Amino acid sequence: MCSTRFIVSLHLMRKILLFLFVLSGLGATAQPDLDSLYHCLDEEILRFPQYVVQRERSIDSLRQVLQQATDDQQRYQLAYQLYERNIAFVNDSAIHYLRQCITLAEQMGQPVQANECRSQLAVRCSNTGMYDEALEILRHVNPSVLSGESLGKYYEAYNHVYNELAYYTHLADMKEEYLREAGRYEQLMLSILPATSDAVFLRREMIAQTSGHLKESMAINDEWLKTVERGSHRYALVALYRYLEYKAQNDTTMMMYWVAESALADVRNATLDQGSLWELANQLMLQGDIDRSYRYISFTSECTNRFGSRQRNWQIAPLLSEIANNYKVSSERNRHRLQHTIMGISILALLLLATLFYVNRQRKRLSLAQAKQKKTNAMLATANAQLSEKNEALSDVNGQLQALNAQLAESNRVKEEYVGRFMRLCSIYIDKMDVFRKRVNKMIKNREYEELYNTTRGQESKTQQLEELFESFDAAFLHLFPNFVSEVNALLKPEEQMQLEKGQRMNTSLRILALIRLGIDDSSKIAEFLNYSVNTIYNYRARLKSIATTEREEFEHQVKLIGMPK
């Protein structure tokens with residue numbers, strides 16, 4: 001029971017640490033743990049239906065308020081809020097409420113609001129591939145009644161439509177014409193919209209990046225990132241463009257981190273227009289992670305169908321087809337490997353049956369030879385010789401069995417020692433957690449929030465717990481293998497032998513070798529126990545092999561034999 005509670009507690013602590021890691025910002029030189037981030041994204045995708053239900057409930061609640069509203073101004077505001085909540089959720093609903101806003105604004109005699117909504121309606125239409133409709137809507141906008149930011153959004157809508165047309169057309173002359181129009185409206189938009197608007201940040205960043213000024217474009221993205229709330233839908237957009245920054249710099253690790261961050265924010269915000277996850281699936285496919293890529297692109301395709309964007313379906317369809325083909329090829333390859341394995345096992349089974357048949361036949365011949373002993377002394381001598389050989393082989397097997405029994409006894413002794421020590425650790429950690437719980441409860445009860453914050457924000461407790469764990473591990477291991485350090489040094493070059501500081505039991509390299517001696521040779525499991533990254537463990541193991549006196553492949557095998565009966 002104590003062991004189970006301890007395991008559950010450790011699992012909970014890992015969850016908390018993972019959550020804090022995702023929430024905490026990464027420094028300029030920090031290398032993110034992509035596996036942990038992908039794992040977090042996988043878990044959030046499983047929760048996605050819950051996020052969608054929450055979004056639908058909020059929309060339904062607002063829709064009911066709209067149905068009961070009698071004042072046109074209030075109905076306009078509620079319809080506009082419903083449009084905003086459907087922008088990245090259900091495109092047809094967003095268009096519906098924008099059209100309702102246009103009707104209400106015209107009824108109230110507010111041409112500015114009506115034309116603003118038309119500009120945004122044109123963007124919604126162009127996002128779904130309805131370019132003729134978008135241009136027709138913009139032709140009905142009267143720019144003379146607009147000024148300031150409203151006029152800037154009108155120019156932004158034209159810029160967006162022409163950029164989309166230029167991106168998807170296959171005619172070179174038309175692309176040139178569309179880009180020229182997009183550039184003209186871009187200059188008008190940048191001259192009017194405030195510098196802190198998303199459209200201005202985006203265009204400034206893209207202009208700098210396409211011009212090759214990567215430091216300038218990254219600085220613009222840094223400035224833009226400061227204006228958004230972490231985890232919001234705007235944060236997902238900024239993170240996606242930050243991914244493009246690192247992609248331009250060929251920084252694969254940070255590139256994958258930021259596109260995963262963008263996808264994570266989209267999932268948590270119940271975004272059905274999944275652009276970031278689509279891009280993440282594409283990059284994972286290029287890196288050879290076919291299974292994860294297939295899961296992500298399938299999820300993206302489902303979201304896109306619910307969002308109702310023909311344009312996004314056009315983007316996803318080729319990638320979905322390619323990933324599906326790669327997934328099929330990979331599955332077929334695995335199937336062939338499985339077939340070959342089954343065939344090999346079948347052949348071995350047939351050989352075993354043939355051997356058993358042969359052995360049984362030889363046994364029968366030996367019985368006949370013993371019955372005719374007086375007449376066939378020569379044959380009996382031969383059989384005795386064969387029997388002697390088999391006895392020798394049996395003796396060898398018995399010797400191997402004795403060695404295995406000795407190893408089993410040693411393993412049982414190690415297991416009993418570690419079980420006893422870690423059962424005690426379980427009890428100690430549970431008591432400490434209970435004391436900490438009571439202390440936190442008391443602080444909350446006394447409203448000592450500042451002291452509670454100071455108590456929980458540091459890493460001293462975690463560091464102390466790790467030190468106690470390592471000290472207990474070192475003591476237990478050296479109790480079982482008192483000559484472990486000297487025997488490890490015997491396997492190392494003289495100038496590379498480990499000299500421990502006074503009072504130090506083992507260092508990180510010795511702990512890695514100790515875990516290998518205990519049969520834990522998986523680098524990910526070693527990294528989890530020692531609180532290091534997998535790459536760090538790989539580096540330690542590679543260095544230890546390089547300074548060994550034996551062959552690199554033989555070194556860890558020799559470590560596993562330390563303390564074994566000779």
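This tour moves through a predicted model of one protein chain, naming a selection at each stop and what is found there.

**The whole chain**

Begin with the entire protein chain in a cartoon representation: its secondary structure comes to 23 helices and zero strands. Colouring by burial would mark 38% of the 566 residues as buried. With a surface drawn, the accessible area comes to about 33300 Å², of which carbon and sulfur atoms hold 54%. Of the contacts between residues at least 6 apart in sequence, 61% join residues at least 24 apart.

**Helix α3 and its salt bridge**

Select residues 72-86, which form helix α3. Its end C-alpha atoms are 21 Å apart, in agreement with the span that 15 residues should give at 1.5 Å a residue. Next, display the buried side of the helix: Tyr76, Leu78, Ala79, Tyr80, Leu82, Tyr83 and Asn86 are its buried residues. These pack against α2 (34-68), α4 (91-107), α5 (111-127) and α14 (290-307).

Within α3, select Asp72 and Arg75, whose side chains form a salt bridge with an N to O distance of 3.4 Å. The two residues are three places apart in the helix, about one turn. Asp72 counts as partly exposed at 25% relative accessibility, and Arg75 is likewise partly exposed at 27%.

**Cysteines**

Select every cysteine and look for linked sulfurs: the whole structure contains zero disulfides. For Cys101, the nearest cysteine sulfur is that of Cys117, 4.7 Å away. Because that distance is not within 2.5 Å, the pair does not qualify as a disulfide. Cys101 is buried, at 0% relative accessibility. Cys125 is also buried, with a relative accessible area of 5%.

**Ser150 on helix α7**

Move to Ser150, in helix α7 (residues 148-168). With 10% relative accessibility, Ser150 counts as buried. Beyond its neighbours within four places in sequence, Ser150 is in contact with Val112 and Glu116.

**Ala195 and the α9-α10 link**

Select Ala195, in the loop between α8 (172-192) and α9 (198-210). Setting aside residues up to four places away in sequence, Ala195 touches Val200, Phe201 and Arg204. A C-alpha to C-alpha distance drawn from Ala195 to Trp224 reads 10.0 Å, although the two are 29 residues apart in sequence.

Keep Arg204 displayed and add Glu223: their side chains meet in a salt bridge at 4.0 Å, N to O. Glu223 lies in α10 and Arg204 in α9, so the pair ties together parts that are 19 residues apart in sequence. Glu223 is partly exposed, with a relative accessible area of 40%, and Arg204 is partly exposed at 30%.

**Helices α11 and α12**

Select residues 233-248 for helix α11, whose 16 residues reach 23 Å from first C-alpha to last, close to the 22 Å expected. Its buried residues include Tyr235, Tyr241, Arg242, Tyr243, Glu245 and Tyr246. The cover over the buried residues of α11 includes α9, α10 (214-225), α12 and α13 (275-286). After α11 comes Asn250, with a positive phi near 60 degrees.

Continue to α12, residues 252-268, where the end C-alpha atoms are 24 Å apart, as 17 residues should give at 1.5 Å a residue. This helix is mostly covered, with 14 of its 17 residues buried. Just after α12, select Ala270, which takes a positive phi of about 55 degrees.

**A nonpolar surface patch**

Select Met343, Ile347, Leu348 and Leu351 with the surface displayed. Together they form a nonpolar patch with about 420 Å² of accessible area. Met343 belongs to helix α15 (residues 310-371).

**The last salt bridges**

The structure has 22 salt bridges in total. For another of them, select Lys560 and Asp521, whose side chains meet at 3.2 Å, N to O. Lys560 is in helix α23 (residues 552-560) and Asp521 in the loop between α20 (508-517) and α21 (523-530), so the pair ties together parts 39 residues apart in sequence. Lys560 is partly exposed, with a relative accessible area of 29%, and Asp521 is partly exposed at 37%.

Finish by selecting Asp42, Asp289, Arg292 and Arg295, which salt bridges with shared partners join into one network.

Technical notes. Residues numbered from 1 in each chain as written. Predicted model: local features only at pLDDT ≥ 70, side-chain atom pairs only at ≥ 80, totals over all residues. Heavy atoms only, no water. Helix = DSSP H or I, 4+ residues; strand = E, 2+ residues; numbered from the N terminus. Buried < 20%, exposed > 50% of the residue type's maximum accessible area, 1.4 Å probe, protein only. Contact = heavy atoms within 4.5 Å. Patch = residues over 30% accessible without salt bridge, like charges linked within 9 Å, V, L, I, M, F, W, Y side chains within 5 Å. Areas by Shrake-Rupley, 256 points an atom, 1.4 Å probe, with all protein chains shown as cover. Expected span 1.5 Å × (residues − 1).
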